[in-house]
There are 2 protein chains.
Amino acid sequence: MAETDPLRAAMIEAAERQLASSSDHEIATRAVCEAVGVSQPVLYRLFGDKRGLLDAVADHGYERYTALKAAQEQTDDPVADLHAGWDGHMAFAQANPALYQLMFTPRPWSHSTARDRVMDLLVASLTRCAAAGALKLEPRTAAQLILSANIGTALDHIARPALFEDPTPSHRMRDAVFSHVLTTTAAQNDADPLHTAALRLHAQLDLAGTEALEPTETALLQRWLERITQPGGR
Amino acid sequence: MAETDPLRAAMIEAAERQLASSSDHEIATRAVCEAVGVSQPVLYRLFGDKRGLLDAVADHGYERYTALKAAQEQTDDPVADLHAGWDGHMAFAQANPALYQLMFTPRPWSHSTARDRVMDLLVASLTRCAAAGALKLEPRTAAQLILSANIGTALDHIARPALFEDPTPSHRMRDAVFSHVLTTTAAQNDADPLHTAALRLHAQLDLAGTEALEPTETALLQRWLERITQPGGR
DNA sequence: CACAGCTTCGTAACGTCGCTAGCGGCTGGC
DNA sequence: GCCAGCCGCTAGCGACGTTACGAAGCTGTG
């Protein structure tokens with residue numbers, strides 16, 4: 001599934017460049033083909049459609065996204081990593097506004113998986129927090145919350161780029177969502193110890209697994225733990 | 001400024017209909033003109049541009065937005081009104097997804113004021129909360145926070161409409177942001193009484209004004225109050 | 001009534017866009 | 001050497017946004 005078609009990669013990069021330097025956040029298939037020195041039918045042979053090209057550009061944007069994040073993350077403090085992740089997300093939006101909108105703004109009939117993969121990244125980061133006992137919600141629901149808030153503020157900042165100069169509004173939103181998702185590190189007001197213990201065990205199993213149980217047993221155990229952590233929902 | 005050009009209104013409504021029933025969230029100037037029985041140059045004489053037409057559609061969407069909100073808001077409990085406002089915003093996004101994206105998604109070179117006007121509506125609603133002493137932040141910064149979060153979750157829900165069926169994630173985000181913006185109604189942990197008092201007075205002056213001071217004096221007082229409520233932010 | 005000036009609309013066209021049918025050349029196996 | 005299959009190009013189609021230009025209607029003055 002990891003095709004390394006140099007022509008395909010060249011077209012994606014050309015499309016990305018033209019997208020970044022276009023005033024209306026649009027690209028022309030003709031211009032992309034001219035940039036790499038081929039003609040239009042090859043584009044439709046490779047991507048099938050203009051939407052296919054845009055989807056490929058969005059998916060390629062995920063690589064750029066992970067590259068920006070790999071440069072900073074994964075310390076021994078998962079909560080600090082989470083904070084850095086929020087700021088990195090905002091920095092990515094500031095650096096590539098057009099690509100960001102392509103990745104995170106809803107497009108009809110889009111088959112891009114960029115957003116889902118970013119979501120998975122966030123879930124992994126949150127699972128580490130849960131393993132440290134710092135998460136109040138399940139990683140997936142927490143990730144949904146954080147990602148929506150992050151995208152909302154990033155789009156607002158893209159619409160008015162002056163906002164990027166002052167990190168205060170972004171950090172305010174970050175603190176608002178995080179304080180609703182994370183356990184207050186200072187005062188450990190553990191209202192429901194069973195709940196938090198189940199979350200913690202679930203995350204530990206996700207991360208490391210166990211050899212003490214059969215895989216099917218582990219799967220069943222995870223489902224039981226989810227049932228313990230779920231009742232708050234609805 | 002309130003021109004009532006019936007032709008202009010008809011074209012806006014036709015464009016809105018075609019936008020709502022188009023699979024790719026796009027409209028064609030030719031189709032809009034045919035729908036109202038005129039030819040294309042009239043469109044360019046009335047709106048100057050396709051973007052001008054889209055801006056007009058977005059601004060008209062604000063009317064529809066206020067119409068939906070006027071049906072519920074303005075009780076004697078401003079905090080309850082705020083909660084209803086969030087849910088109404090989500091309902092509007094669910095009812096008109098394409099129009100919603102046109103209004104709230106950043107478009108280059110857009111002169112639409114829809115988002116700003118919605119922001120003003122929210123500021124007004126928040127000022128009422130501040131007058132009741134229920135707000136921890138200044139109305140404008142709180143509105144920025146709430147609106148960004150609201151738009152972020154709404155866009156997420158538009159991308160995956162199944163989310164609309166369960167209000168839990170929306171309410172979770174709502175509670176997260178509101179609890180960071182509103183004073184906890186039950187336990188009035190007033191950490192900075194001066195701060196809250198200044199906010200309260202500022203809001204009261206915004207709402208009712210005063211005849212005890214000259215307008216210039218009132219303006220200066222408001223700026224002093226803002227300086228009192230500001231120091232927390234950078 | 002007549003006529004000039006202005007507004008207002010339609011006709012027709014231009015350039016560009018996304019997309020595709022059909023043909024020519026290259027490569028690899030026999 | 002020859003044939004099959006892949007690959008890219010040429011040329012073109014229909015639709016799009018946009019505009020130059022001429023016809024038609026209204027207004028106000030003589």
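Here are some friendly notes on this predicted model of two protein chains with two DNA strands.

1. **Chain A as a whole.** A good place to start is the overall make-up of chain A, which has 11 helices and zero strands. Read from the N terminus, its elements run α-α-α-α-α-α-α-α-α-α-α. Of the 234 residues in chain A, 37% are buried. Among contacts in chain A with a separation of 6 or more, 66% link residues 24 or more positions apart.

2. **What the UniProt record marks.** An unreviewed UniProt entry places the feature "domain: HTH tetR-type" at residues 5-65 of chain A. In the model, that stretch is 77% helix and 0% strand, and its end C-alpha atoms lie 21 Å apart. UniProt, again from an unreviewed entry, also gives the annotation "DNA-binding region" to residues 28-47 of chain A. Residues 28-47 of chain A are 80% helix and 0% strand, with 14 Å between the end C-alpha atoms.

3. **DNA strand C.** Which residues are the closest to DNA strand C? They are A:A28, A:T29, A:K50, B:S39 and B:P41, out of 15 residues that surround the strand. Both chains take part: α2 and α3 (40-47) of chain A, together with α3 (40-47) of chain B, each supply at least two residues of the surface near this strand. The most comes from α3(B), which gives four residues. Sorted by class, the surface near DNA strand C has seven nonpolar, four polar and four charged residues.

4. **DNA strand D.** Around DNA strand D there are 16 residues, and the closest are A:S39, A:P41, B:A28, B:T29 and B:K50. The elements giving two or more residues to that surface are α3 of chain A, plus α2 (29-36) and α3 of chain B. Here α3(A) gives the most, with four residues. By class, the surface near DNA strand D has eight nonpolar, four polar and four charged residues.

5. **How the two copies are related.** Chain B can be laid on chain A with an RMSD of 0.1 Å, using a turn of 180 degrees and a shift of 0.0 Å along the axis. The two copies are therefore related as by a two-fold rotation axis. If you would like to find that axis in the viewer, look for B:G152: in chain B, its C-alpha is the nearest to the axis, 1.9 Å away.

6. **The interface between the chains.** In the contact between the chains, 30 residues of chain B meet 31 residues of chain A. On the side of chain B that touches chain A, the elements giving two or more residues are α8 (139-159) and α9 (168-181) of chain B. The largest share of that side, 12 residues, comes from α8(B). By class, the side has 12 nonpolar, 13 polar and five charged residues. Why can we say that the copies meet through the same surface? Because 100% of the interface residues of chain B are also interface residues in chain A.

7. **A look at α9(B).** This helix has 14 residues and reaches 20 Å from its first C-alpha to its last, close to the 20 Å expected at 1.5 Å a residue. Its buried residues include B:R172, B:M173, B:V177, B:F178 and B:V181. What covers the buried residues of α9(B)? The cover includes α8 (139-159) and α9 (168-181) of chain A, along with α5 (78-95) and α8 of chain B.

8. **A:I27, a buried loop residue.** A:I27 sits in the loop between α1 (6-20) and α2 (29-36) of chain A. Is A:I27 buried or exposed? A:I27 counts as buried because it has 23 C-beta neighbours inside 10 Å, and 20 or more are needed for that label. Leaving aside residues up to four places away in sequence, A:I27 touches A:A15, A:Q18, A:L19, A:S22 and A:V32. Its C-alpha is 10.0 Å from that of A:A14, 13 residues apart along the chain.

9. **Two residues with positive phi.** A:W109 is not a glycine, yet it has a positive phi of about 60 degrees. A:W109 lies in the loop between α6 (97-104) and α7 (114-131) of chain A, and counts as exposed because it has 10 C-beta neighbours inside 10 Å. B:H25, also a residue other than glycine, has a positive phi near 60 degrees. B:H25 is placed in the loop between α1 (6-20) and α2 of chain B; with 17 C-beta neighbours inside 10 Å, B:H25 counts as partly exposed.

Conventions:
Residues numbered from 1 in each chain as written. Chains lettered and ligands numbered in written order. Predicted model: local features only at pLDDT ≥ 70, side-chain atom pairs only at ≥ 80, totals over all residues. Buried ≥ 20, exposed ≤ 12 C-beta atoms within 10 Å, placed from the backbone. Contact = placed C-beta atoms within 7 Å. UniProt positions renumbered as here; feature names shortened; annotations may be inferred. Nonpolar A, V, L, I, M, F, W, Y, C, P; charged D, E, K, R; others polar. Expected span 1.5 Å × (residues − 1). Near = placed C-beta within 6 Å. Least-squares fit on C-alpha atoms with pLDDT ≥ 70 in both.
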